[in-house]
Amino acid sequence: ALASLQEAWLLTEDARWSEALQTLDDVIPVLRHLGAWDVAIPANRTRAWVYEELGDMDRFWLLTEENLEHSRMHGHRRIEARSLGALSERAANEGRLDDARDLLVQSFRIDRELGNVPFVSMDLVRFAVLHVREARPQAAARLIARAVAVFEEIGLTLESWMAREVDDATAAVRAQLDDAAFEAAWEAGPRMSLDDAVALALGETEPDA
């Protein structure tokens with residue numbers, strides 16, 4: 001089962017989504033039957049991602065909700081955070097900003113507890129999206145810039161869905177700021193401490209005008 005799972009991962013790296021899905025569909029029930037939930041839960045998250053890449057968002061959201069349930073049931077905090085973050089994005093896209101913020105705060109707290117630096121930074125990008133939707137583009141630009149700086153510092157190669165979220169959030173900010181204001185906010189972002197970025201993300205502080 002583990003060998004098959006590794007094969008599925010290699011297939012995703014080559015964007016061979018349909019083949020990866022077939023392998024995951026075969027191996028996940030085996031992992032669950034064996035009680036290997038610590039492996040089955042992240043494998044199912046990968047399956048959800050593959051459905052997203054294939055454009056089947058209904059299936060993606062169904063599996064994401066399933067992942068949240070299973071991760072809470074079996075104590076898989078990392079996938080709980082990822083599921084919460086994804087569901088926050090859906091709520092934001094549906095205009096349910098209060099729900100989106102509540103879900104994202106839950107995800108963010110878990111990521112900070114786990115010391116998961118890449119996803120703390122992705123959470124900042126998602127907070128930025130909420131700020132854009134609430135007409136606070138300067139705060140959003142700073143948060144995205146802070147996240148991008150972290151990605152560069154640690155040499156992280158973004159997964160396809162992560163790159164899309166960063167690009168979409170940045171484009172949304174640029175649509176609300178002129179070039180000078182965007183550049184000023186973008187340059188200020190990496191100079192923030194993580195605590196300052198957190199306070200800004202949570203709306204506890206405001207960027208300079």
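## The second largest pocket

In this predicted model, the second largest pocket has a volume of about 170 Å³. Its lining includes Trp9, Pro42, Arg45 and Thr46, along with Arg78, Ile79, Pro118 and Phe119. Leu156, Thr157, Glu159 and Met162 also line this pocket.

Three helices, namely helix 3, helix 5 and helix 7, each supply at least two residues of this lining. Helix 3 gives the most, with 3 residues. Sorted by class, the lining of the second largest pocket has 7 nonpolar, 2 polar and 3 charged residues.

## The largest pocket

The largest pocket holds about 580 Å³ of space. Its lining is made of 30 residues, and those nearest the centre of the pocket are Glu52, Glu89, Arg126, Trp161 and Glu165. By class, the lining of the largest pocket divides into 13 nonpolar, 6 polar and 11 charged residues.

Several helices take part in this lining. Helix 3 (37-53), helix 4 (57-74), helix 5 (77-93), helix 7 (117-133) and helix 9 each supply at least two residues. The largest share comes from helix 5, with 7 residues of the lining of the largest pocket.

## A salt bridge between helix 3 and helix 9

Side chains of opposite charge can pair when their charged atoms come close. A search of the whole structure finds 19 salt bridges. One salt bridge joins the side chains of Arg164 and Glu52, at 4.0 Å from N to O. Arg164 belongs to helix 9 and Glu52 to helix 3, so this pair ties together parts that are 112 residues apart in sequence.

Glu52 has already appeared above, among the residues nearest the centre of the largest pocket. Helix 3 and helix 9, which hold the two partners of the salt bridge, are also among the helices that each supply at least two residues of the lining of that pocket.

## Helix 9 against helix 10

Helix 9 (residues 160-174) packs with helix 10 (residues 179-188) at an angle of about 130°, and their axes are 10 Å apart. An angle over 115 and not over 145 degrees counts as oblique, and helix 9 and helix 10 are therefore oblique to each other.

On the side of helix 9, the contact is made by Thr170, Val173 and Arg174. On the side of helix 10, Asp179, Phe182, Glu183 and Trp186 make the contact. The residues of this contact divide into 3 nonpolar, 1 polar and 3 charged.

Methods: Residues are numbered from 1 along each chain as its sequence is written. This is a predicted model: local features need pLDDT of at least 70, side-chain atom pairs count only at pLDDT 80 or more; totals for chains, interfaces and linings use all residues. Side-chain values use heavy atoms; hydrogens and water are left out. Axes are lines fitted to C-alpha atoms, for helices over the stretch in contact, and angles run from 0 to 180 degrees between N-to-C directions. Helices (H or I, at least four residues) and strands (E, at least two) are DSSP runs, numbered from the N terminus. Angles under 35 degrees count as roughly parallel, over 145 as roughly antiparallel, 65 to 115 as roughly perpendicular and the rest as oblique. Contact means heavy atoms within 4.5 Å. Ala, Val, Leu, Ile, Met, Phe, Trp, Tyr, Cys and Pro count as nonpolar, Asp, Glu, Lys and Arg as charged, and the others, Gly among them, as polar. On a 1 Å grid over the protein atoms alone, a cavity is a set of points where a 1.4 Å probe fits but cannot get out, and a pocket is an open set with protein on both sides within 12 Å along at least five of seven lines; lining residues have an atom within 4 Å of a point. Grid points are joined across faces, edges and corners, and a volume is the space filled by probe spheres set on the points.
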